[in-house]
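Student: Please take a close look at the largest pocket of this model, and then follow the side chains outward from there. I would like one connected account rather than a list.

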Amino acid sequence: MEREHVAYFDYLRFFGAVGVVFLHVASQPVGDGVINKEWVLLTVITTFSYTAVPLFFMMSGYLLLTSEKTKNVSVLLKHRLPHLLAPLLFWTVVVTIWLMWKNNDASARYFINCVLSGISTPIMQHFWYIYTLSAIYILSPFLYRGITNLSETEHRYIFCVILIIFFQTMVMIVLPESIASVFTFKILVDLRFLGGHLLTFLLGYYLGKIRRRFSNIVLSALVVVDAGIIILGTYFASTAGGGYTGKFQDQSAGFSVFLAVCLFLLFKQNIRKTERKVNITPFINLSFGIYIMHNLLNRILSYLGFEAVGLFSVIGKTLLILFICYLVLKTLST
């Protein structure tokens, strides 16, 4: 039986794809820039951009753990893993060629070393997502069989454990380091499997299954409050530390994941129809390709002198990267 199309996931993918590109383009001026009004504006936007990866994990969690195909190991080995690993290998080779040209080293040894190093370590930083998602895919048949056989009480228990772990990370972020170290519970820290992303993956399953409707006003208020905490926390921590500090924007746990939860529920409750005034389906279908390609293009443009230094240049470079990615991926796919 085919599952009904999840309409609000289309918009979450669109939001996530744009957000992750903006995030990486803005990393230079946010990380190395002077803390001023423009820096604050970039921090406001990147605060929402940091929810992109948690949202992608949440959507994967719901889609995989509600599909009977997930328990079929042959589907995993013949289809799902290759759909992750084949693009990873292809773009690892492309990045290697770029590094060879950039570093003026066209030796076969350099090429082989770079490609082989990609087996253990992402050759570009943002590739980590594919490594982590692949590990979750490998576990998915066991996760599916385990979670579908739980009783209602056991589901509530797992959901509460996830919330407690995320709440603990939020408390640890707010407290000063000298105090936070005293209240760090190793048991909860050890339960953050795969850097906490496995919990986000499971959380997506529960959020997608929730039938209760929450007040849009309450969810919107939580978005404002949580985003405000992230922005103010980032500002004051960065000011006190003499440079950018991203602990409040941690996309593996804490306030960013909570913000992603609120956005997930808002999209879920308010997007019911698939009809759109603008057809974004071609862009959505290429969202994974855009994720894996965009940072290489960002590096190439920076190398050629197009470095984003402020808000408007970040927006312009983001749009340019999205446009080029779309053209290249659409051409490759056809």
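Tutor: The account below starts with the pocket and then turns to the side-chain contacts and the backbone.

This is a predicted model, and everything that follows should be read with that in mind. The largest pocket holds about 1,100 Å³ of space. It is lined by 36 residues, and those closest to its centre are Arg-13, Leu-63, Tyr-137, Ser-287 and Phe-288. Two or more lining residues come from each of α1 (7-32), α3 (52-65), α4 (73-102), α6 (128-148), α13 (281-285), α14 (287-303) and α15 (311-333). Within that group α4 gives the largest share, with 8 residues. In chemical terms, the lining of the largest pocket is made up of 20 nonpolar, 9 polar and 7 charged residues.

Arg-13, one of the residues closest to the centre of the pocket, also takes part in a salt bridge with Asp-10, in which the N to O distance is 3.7 Å. Both residues belong to helix α1, where they are 3 residues apart, or about one turn of the helix. How buried or exposed are Asp-10 and Arg-13? Asp-10 counts as buried because its relative accessibility is 6%, whereas Arg-13, at 23%, counts as partly exposed.

Helix α13, one of the elements that contribute to the lining, contains Asn-285. That residue counts as exposed because its relative accessibility is 59%. The C-alpha atoms of Asn-285 and Phe-14 are 9.5 Å apart in space, although 271 residues separate the two in sequence.

Two further lining elements, α4 and α14, bring us to the aromatic side chains, which form 20 aromatic pairs in the model. In one of these pairs Trp-98 and Tyr-303 meet edge-to-face, with 5.4 Å from centre to centre and 85 degrees between the planes. Because Trp-98 lies in helix α4 and Tyr-303 in helix α14, this contact ties together parts that are 205 residues apart in sequence. The two partners can also be described by their accessibility: Trp-98 is buried, at a relative accessible area of 9%, while Tyr-303 is partly exposed, at 42%. Tyr-205 and Tyr-206 make another edge-to-face pair, with centres 5.1 Å apart and 75 degrees between the planes. In this pair Tyr-205 is buried at 7% relative accessibility, and Tyr-206 is buried as well, at 9%. Elsewhere, Phe-56, Phe-57, Trp-128, Tyr-129 and Tyr-291 come together as one aromatic cluster.

Helix α15, also among the lining elements, brings in Lys-317, which has two contacts to consider. Lys-317 lies over the face of Phe-306, 5.9 Å from the ring centre. The side chain of Lys-317 also meets that of Glu-307 in a salt bridge, at 3.9 Å from N to O. Since Lys-317 lies in helix α15 and Glu-307 in the loop between α14 and α15, the bridge ties together parts that are 10 residues apart in sequence. Lys-317 counts as buried because its relative accessibility is 0%, whereas Glu-307 is partly exposed, with a relative accessible area of 32%.

The count of salt bridges comes to 4, and one of them joins Lys-186 to Asp-190, whose closest N and O atoms are 2.8 Å apart. These two residues are separated by about one helical turn, because they are 4 residues apart in helix α9 (residues 186-190). Lys-186 is exposed at 58% relative accessibility, and Asp-190 is partly exposed at 44%.

The backbone deserves a last look. Most residues other than glycine have a negative phi. Asn-104, which is not a glycine, nevertheless has a positive phi of about 55 degrees. Asn-104 sits in the loop between α4 and α5 (108-117), and it counts as exposed because its relative accessible area is 71%. Leu-194, likewise a residue other than glycine, has a positive phi near 50 degrees. Leu-194 is found in the loop between α9 and α10 (197-209), and its relative accessible area of 35% makes it partly exposed.

Notes. Residues numbered from 1 in each chain as written. Predicted model: local features only at pLDDT ≥ 70, side-chain atom pairs only at ≥ 80, totals over all residues. Heavy atoms only, no water. 1 Å grid on protein atoms, 1.4 Å probe; cavity = no way out; pocket = protein on both sides within 12 Å on 5 of 7 lines; lining within 4 Å. Points joined across faces, edges and corners; volume = space filled by probe spheres on them. Nonpolar A, V, L, I, M, F, W, Y, C, P; charged D, E, K, R; others polar. Phe/Tyr/Trp six-rings, centres within 6.5 Å; stacked < 30°, edge-to-face > 60°. Buried < 20%, exposed > 50% of the residue type's maximum accessible area, 1.4 Å probe, protein only. Lys NZ or Arg CZ within 6 Å of the ring centre and 35° of its normal.
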